[in-house]
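Q: Hi! I'm new to this one, could you walk me through it?
A: Happy to, let's have a look together.

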Amino acid sequence: MPFLVAILGVLGAAAFWWYRMKAMNEAARDVADVVGRVQGNIRRKKLRKQAALSPLTAIDDPVVAAATLITAMVSEDGPVLPKREAVIRSVISEIADKKKTDEAVIYGKWAAAQIDDATIVIDKLAPFLRDRLDVAERNDLLQMVNRAAQGGEKSLDIADQRMLRLRQKLGFEVN
């Protein structure tokens, strides 16, 4: 009889530890799953951020950069309507031929639609333009932004912060 009690005790202990190990294994699996989801979220956020910037990193032409910058700044309050697009097209046509203007405005509209914050566009494109334009051309760019904002359906007030940031990124002194 004591032998039977000892066997039952050993079987009971084995069952207890087997159940406990199974529960620990499930807990470890749950922790690994949570860690995997967090890492996946971090990776996806990084990819989203890179994807958001990719329309800007592909720009290698100052005319396209100017069109994208102007479009992003005037589209911050809403979509670019046909009259506003015509004004942007008119402003860009001052520095490029018709084919280049069409290409620049179309790409600018698309890129501005991909990136919802004009600050990101300013931060990425203004240094590019600063390196490729002289001081007079940079002043012309600021005037182009203002003319594009004044034309169209209604006059837009581009936030002073945006214009200040653009002036600063273009290399002008800001008080």
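Q: How far apart are the end C-alpha atoms of helix α3 (residues 82–93)?
A: They are 16 Å apart in this predicted model. Twelve residues at 1.5 Å a residue should span 16 Å, so the helix agrees with what is expected.

Q: And which residues of α3 are buried?
A: Arg84, Glu85, Val87, Ile88, Val91 and Ile92. They cover an arc of only 160 degrees around the axis, so they sit on the same side of α3.

Q: What's exposed on the other side of α3?
A: That would be Pro82 and Lys83.

Q: OK, so what covers the buried residues of α3?
A: The cover includes α2 (62–74), α4 (98–114) and α6 (135–150).

Q: Switching to the largest nonpolar core: which residues touch the most other members?
A: Leu69, Ile70, Met73, Ile92 and Leu166, out of 41 residues in that core. Two or more residues come from each of α2, α3, α4, α5 (118–132), α6 and α7.

Q: Which element gives the most to this core?
A: α2 does, with ten residues.

Q: What is Ile70 in contact with, leaving aside neighbours within four places in sequence?
A: Ile70 is in contact with Ile88, Val91, Ile92, Leu141, Met144, Val145 and Ala148.

Q: New topic: is Arg162 buried or exposed?
A: Arg162 is buried, because its relative accessible area is 19% and the cut-off for buried is under 20%. You'll find Arg162 in helix α7 (residues 160–169).

Q: Which residues does Arg162 contact, again leaving aside neighbours within four places in sequence?
A: Met73, Glu76, Asp117, Ala118, Thr119 and Ile122.

Technical notes. Residues are numbered from 1 along each chain as its sequence is written. This is a predicted model: local features need pLDDT of at least 70, side-chain atom pairs count only at pLDDT 80 or more; totals for chains, interfaces and linings use all residues. Side-chain values use heavy atoms; hydrogens and water are left out. Helices (H or I, at least four residues) and strands (E, at least two) are DSSP runs, numbered from the N terminus. Buried means under 20% relative accessible area, exposed over 50%, partly exposed in between (1.4 Å probe, protein chains only). Contact means heavy atoms within 4.5 Å. The expected span of a helix is 1.5 Å times one less than its number of residues. The arc is that of the directions from the helix axis to the C-beta atoms. A nonpolar core is a set of buried Ala, Val, Leu, Ile, Met, Phe, Trp, Tyr and Cys residues joined through side-chain atoms within 4.5 Å.
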